[in-house]
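Trainee: I want to test the labels on this model. Can we take them one by one?
Mentor: Yes. Bring the structure up.

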Amino acid sequence: MTAVISKKALGIAPMSNNKMIMSFISEKVQALILPMAGIFCFMLLWSLTASSIDTSLGKFPGPHAVATQVVNLIDEHNAERDKADVFYIRQDERNKVRMAKDPSYQPKVRIYTGKETFLDQILTSLVTVISGFLVAAVIAIPLGIAIGLSKTLNTAINPIIQIFKPVSPLAWLPIVTMVVSALYVSPDPMFAKSFITSLITVTLCSLWPMVINTSFGVVSMNQDWVNVSKVLSLPKHVHIQKIVLPASIPAIFTGMRMSLGIAWMVLIAAEMLSQSPGLGKFVWDEFQNGSSQSLSRIMTAVLTIGLIGYLLDRTMLQLQRILSWDKSSAQL
Amino acid sequence: MSIILDISKVDMVFPTPKGDFTALKGVDLQIKKGEFISLIGHSGCGKSTVLNIVACLHRATLGGVLLNNKEVTEPGPERAVVFQNHSLLPWLTAYQNIELAVKQVFKNKMSPAEMKEWIEHNLRLVHMDHAKDKRPDEISGGMKQRIGIARALAMKPEVLLMDEPFGALDALTRAHMQDSLMEIQQKLNNTVIMITHDVDEAVLLSDRIVMMTNGPAATIGEILDVNLPHPRNRLALAEDVEYNRLRSAVLTFLYEKQRKVEVIPTAESTKTTEKAGIKQNTSSVA
């Protein structure tokens, strides 16, 4: 009798295991195949429409043209780096020769001023967006907590936030540019003026979503936790550090992800408008350049911008998953 | 035994847009050291308000609360509260939740090793030492409430305040928790004020049952002394004459003297007169 049952059990167990494995695989396959199918359809549609649009700069770039440009842009980058290396080697040699002739000679070291490549521009934009975002976070999170904790402060500051929140940071750009030019005067500046201008623009637009979400997180904090803190008679700074900050972490992350998304979009526009180095400038330069390659290079930039924006958001999400106790709010 | 807590002629008035609302009127209660008091009454009668006034999460409009003959003016760990919804901090483990309390209360009085021992002692007391590194969302409702009780006990409170501590639990878990609480009370002999809806819970656990009248202007209706010997056993008591007398005394107070009439808003009742009529009928039958 027992033998029969165990046989049955044995027979059933692998079946259900198989089923589980199958459903696991089919889930994975779906998660992989469906997006691939989506991308494939998009590519097909894109190349079909692209070939039927004629512009004054030639045909609208299709996937193939973009792929070619990706290779081109990387090649150009490497070529530029080689040029720079050659320049430095030449400079060193020249200096050595002159030092040998005249030991009192002070060798001159000049920095290579070649054209920024596409990859340089990507890096510039990334550094700018992250710096501006961090500056905004350093201001916005304490401010949001203060506003969330104090009704008085909230009532006082709320109108200002509401008025400045809908202003496109691009409207600020001329003012920021003029103020930075006037105030940021130093014979040996640590950062370029254009970097400071872009950074402030990014900060201005990242600020509001973070302030609003942080203060919302603090206000909507579970009243029980506040009562626990009261019963324990926690001092103010411990209350903020141990209760308020962790409690509002999920809302803070929501604000940060919104901010970073906006910041990245705004930065590209600001770079185009103000001719500050970065991906925006690359796009604008190519547009002004108007060669037969321009459109496909711009298209490459567009896709790169999208990809980087996506990766920035994913990074924030990953960070949230690691740091936030509330795993359900870090779902997507 | 000496009076440890004196709730002295407390009135509570809440200002509302429609004018003042008197929640409590002349609540007066003296509690002896080591006494276990249950506050029972219909929902909305202001039991929680009384507890919050003792905890100083609310301030009484008139009257006040004396702890060891000193008026209490702000919340403090000597009046630890066990909240209805456990109120554990979800980002901390069970151990860390208690640690936060212990670190604050015994900051300069215990060495780190003593603190660790004290936290673990309290976890053992509620039989939760096996789950000390679990976060609240990884354990069941009853387990969370155990940790909540351990956290409150770890503050070595002079008065332990419990706001319907088992209200959110299923009946079996609740019975289990009541037994645990009796066992702990047997060891520690704390002074406890517990709010409850549950007549059996009140009779089983308390030394005195304080029954409150319905609001507005709720106050203490009757006080019932429970002179059943400790330790109490729920199965043995089920047949006990005195137990059943006390039980029916509480039931009589709640369902005859202070019967709660469901008030149906007038705007709604004019719209659905028929439905409201049916509702009223069923509630009176129940």
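**The A–B contact and helix α7**

Mentor: In this predicted model, 12 residues of chain A are in contact with 16 residues of chain B.

Trainee: What makes two residues count as in contact?

Mentor: Their C-beta atoms, placed from the backbone, must lie within 7 Å. By that test, 12 residues of chain A and 16 of chain B qualify.

Trainee: Which elements of chain A give two or more residues to the side that touches chain B?

Mentor: They are α7 (223-231) and α8 (236-274) of chain A. The largest share, 6 residues, comes from α7(A). By class, that side of chain A has 7 nonpolar, 2 polar and 3 charged residues.

Trainee: Which residues of α7(A) are called buried, and what earns the word?

Mentor: Trp225(A), Val228(A), Ser229(A) and Val231(A). A buried residue has 20 or more other C-beta atoms within 10 Å of its own. Those four residues therefore meet that count.

Trainee: Why are the buried residues of α7(A) said to line one face of the helix?

Mentor: Look down the axis of α7(A). The buried residues fall within an arc of 165°, so they line one face.

Trainee: What covers the buried residues of α7(A)?

Mentor: The cover includes α8 of chain A, together with α1 (47-55) and β6 (81-82) of chain B.

Trainee: Which residue just after α7(A) takes a positive phi?

Mentor: Ser233(A), at about 50°.

Trainee: How far apart are the C-alpha centres of domain 1 and domain 2 of chain A?

Mentor: They lie 39 Å apart. The domain assignment puts domain 1 at 2-52 and domain 2 at 114-330.

Key:
Residues numbered from 1 in each chain as written. Chains lettered and ligands numbered in written order. Predicted model: local features only at pLDDT ≥ 70, side-chain atom pairs only at ≥ 80, totals over all residues. Nonpolar A, V, L, I, M, F, W, Y, C, P; charged D, E, K, R; others polar. Domains from an automatic or database assignment. Buried ≥ 20, exposed ≤ 12 C-beta atoms within 10 Å, placed from the backbone. Arc of directions from axis to C-beta.
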